[in-house]
Amino acid sequence: MGVSGKKGEEKTGEKQQEMKVYIRGAGGTIVSKSILDGTSKLKWLFRQESEHGNGWIAFGATDTQEYVNDANNMAIVDFNTLANIEPAVVDVFYMPMGSDLEFRSDQTGTYFVDTRTGKEIREPVKHPAQIAFEKNLKFLNQEIYPPEFFRMLFTESTKIRVIRAGEADFPTGEVVLADPIAYLGTRYETVLHKKIPAGSYPVELSVCLSRVAGLRIAAARLLLSERPAVSYEVAMPKGKARADFGMPGVFTFFGVDAGLACFADSALSEENRIFFEQWEKENPGKNKYLDYFAALFKESCEAHPEFQNQGTGFLEWKLPKSGKRAVLFSSGMGDGIYSGYWGLDADGKTVSLTVMFMNPEYF
């Protein structure tokens, strides 16, 4: 809401009223000067594709076509400047390009009307990422998905990149899914019922190039064979069969509380537990991620920078004592619960294990 016109305040650089920041990084908005100088109230709000700013344009109730056609009557300001004049605009900030709104204020309150549909907008419009996140939550952890969905996850496209993150060693063949920071080596990790042949296997990541959420790991896959999977089944926890799915107390998923997940062998899980028990004794008060793993993830990022950032990272971690490897990776949109799915070939043999974090179609 502007700079004060008092000379004394201009000399000291003080503002008459501090501008409230409703949305950080909201970008520039084209606003008629009649709204900015208070000679007119907000009436029309449009959003259009623009190389500059956020695309929003605001006109006042008294603005005429002749008035707005004169560029001198329009100004580019931070969206929060408009929000300080009329806070209701914050509720519609995340509406898509092409939005055409009329602002109304009556005995029922202040609200917008979509001029194309006549629909009243009285509740805050959610960020597209929040909408996608909520849809994704409902999509995850089902018992069955079509094979085409898993194939899509690991097929290169304009939205998907498939990368090799490293290899994981399985000396016992007993597979553990866990958050490597919070739960690996604890009773909260998930040991799978089905075992795999002892050996070393590559890990691939499906990286989603999302306009909504940025660079994210949509899924991770442990490749056990070169034979293609033609069907998939949920990976049950140790001691449980598929017939137990959905039964009380039977959980197929594993929890993530540090934004990371991993494929690991049960022997490596135990070695991890022993190592960090000793590390914490030798490093009292230090953080397992910040003071140990962060430097390793940074090295991995520097070696493979094209598909790693704050939202997505991976690490082929060699345990200090044995040198055996586990592969760690970011879990999609972050913390949550996620399930694994065995890929089966035409003969019913296990050829892969996929952990899914996101449905790229939502993002």
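Helix α8, residues 289-303, lies across strands β15, β16 and β17, and it runs at about 110° to β16. When I say helix or strand, I mean DSSP runs numbered from the N terminus, with helices being H or I of at least four residues and strands being E of at least two. The angles lie from 0 to 180 degrees between N-to-C directions, and the axes are lines fitted to C-alpha atoms, for helices over the stretch in contact.

Before I go on, please keep in mind that this is a predicted model, in which local features need pLDDT of at least 70 and side-chain atom pairs count only at pLDDT 80 or more, while totals for chains, interfaces and linings use all residues. Residues are numbered from 1 along each chain as its sequence is written, and side-chain values use heavy atoms, with hydrogens and water left out.

Now to the sheet beneath that helix. It is an open sheet of 5 strands in the order β10-β9-β15-β17-β16, and the pairing is antiparallel, where two strands pair if DSSP finds at least two bridges between them. Its edge strands, each pairing on one side only, are β10 (190-191) and β16 (314-318). Helix α7, residues 266-282, packs on this sheet as well, touching β9, β15, β16 and β17 (325-330), and its direction makes about 115° with that of β15. Within the sheet, β9 (residues 175-178) and β15 (residues 260-265) pair in the antiparallel sense over 4 bridges, with Leu177 standing opposite Phe263 in β15.

Let me stay with α7. At its start, a side-chain oxygen of Asp265 reaches to within 2.8 Å of the backbone nitrogen of Ala267. Which residues of α7 are buried? They are Ser266, Leu268, Ser269, Glu271, Asn272, Phe276 and Trp279, where buried means under 20% relative accessible area, exposed over 50%, and partly exposed in between, with a 1.4 Å probe and protein chains only. What covers these buried residues includes β8 (160-170), β9, β15, α8, β16 and β17, all judged by contact, that is, heavy atoms within 4.5 Å.

The second sheet is also open, with 7 strands in the order β4-β1-β3-β2-β5-β6-β7, and here the pairing is mixed. Its edge strands are β4 and β7 (120-121), each of which pairs on one side only. Strand β1 (residues 28-32) is joined to β4 (residues 74-78) by 5 bridges, the two running antiparallel, whereas β1 and β3 (residues 56-60) pair in the parallel sense over 2 bridges. Ile30 stands opposite Ile76 in β4, and Ile30 also stands opposite Ile57 in β3.

In the loop between β2 (42-47) and β3 we find Asn54. Is Asn54 buried or exposed? At 7% relative accessibility, Asn54 counts as buried. A polar atom of its side chain lies 3.4 Å from the backbone oxygen of Gly27. Leaving aside neighbours within four places in sequence, the residues in contact with Asn54 include Ala26, Arg47, Phe79 and Met97.

Finally, the whole protein. Its secondary structure comes to 8 helices and 19 strands. Buried residues make up 47% of the 363 residues, and the C-alpha atoms fill a box of roughly 75 × 50 × 40 Å, taken along the principal axes. Of the contacts with a separation of 6 or more, 69% are accounted for by residues 24 or more positions apart.

Notes
A polar contact is a pair of N or O atoms within 3.5 Å; within protein, one must be able to donate a hydrogen and the other to accept it, and residues adjacent in sequence count only if both atoms are side-chain atoms.
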